[in-house]
Amino acid sequence: MARPIRGEIEHAPPHLRGLLRHFADLRDGTHGDGAVTRGDKERLFVSAVGSLDRYARQALAEMNDALLLGTGTIAATGVTPLPSGGVAATWTLGWPEQEREGIEPITLQAFYGLGFHHPHLRGRTVGDWPLNVFDDADAAAELPTLRAIAAAELHNLVFQRDYRVVPAIAHAAGSS
């Protein structure tokens, strides 16, 4: 079977390029343009987090504006070590109703676990998605994924309590 080359990956739709790069990395035993060592992969991860930051914040700000009526607060950790080894960067969106109910905020996380071949994206309650970001265009292409993770996170938080943790719905219900 022929190996997809970089040009073929770049001709795929933007939202699928990272997934194709992910599969090629697994096939080739590398990450990015040939990173093999943990140190090289962590340097790529730190760069990816820098590129993703504005898009993670954008996805959370859109949710804050539309669903939380601007009552939320976005926080970011930057790259930090994980207790189990590896590194992660986390973006959260908390709001008063969520805090009162004692549930976790909406969470987006880029992480590179100790035993992982390369980094991934996930939410606190939503599973893993490959993280293959090497420049701003790659990061911009992940905005739909970040939006989907954030939306799934809020959906799961509503299941932990009820719809009243979403101000746009709770306020509309109270006005009828």
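## Trp91 and the nonpolar core

Trp91 contacts (heavy atoms within 4.5 Å) Val49, Leu52, Asp53, Ala56, Arg57, Leu60, Ala75, Ala76, Ile106, Thr107, Leu108 and Ala110, leaving out residues up to four places away in sequence. The model is predicted: local features need pLDDT of at least 70, side-chain atom pairs count only at pLDDT 80 or more, and totals for chains, interfaces and linings use all residues. Residues are numbered from 1 along each chain as its sequence is written, and side-chain values use heavy atoms, without hydrogens and water.

The largest nonpolar core (buried Ala, Val, Leu, Ile, Met, Phe, Trp, Tyr and Cys joined through side-chain atoms within 4.5 Å) has 32 residues. Trp91 is among those with the most contacts inside this core, with Leu52, Ile106, Leu108 and Leu146. Helix 3 (38-67), strand 2 (86-94), strand 3 and helix 6 (143-160) each give two or more residues. Helix 3 gives the largest share, 9 residues. Helices (H or I, at least four residues) and strands (E, at least two) are DSSP runs, numbered from the N terminus.

## Phe111 and its ring partners

The whole structure holds 1 aromatic pair (ring centres within 6.5 Å, Trp by its six-membered ring; planes under 30 degrees apart are stacked, over 60 edge-to-face, the rest tilted). Phe111 and Phe116 form this edge-to-face pair, 5.3 Å centre to centre with 75° between the planes. Phe111 is buried at 1% relative accessible area; Phe116 is partly exposed at 34%. Buried means under 20%, exposed over 50%, partly exposed in between (1.4 Å probe, protein chains only).

Arg122 lies over the face of Phe111, 3.6 Å from the ring centre. The criterion is NZ of Lys or CZ of Arg within 6 Å of the ring centre and within 35 degrees of the ring normal.
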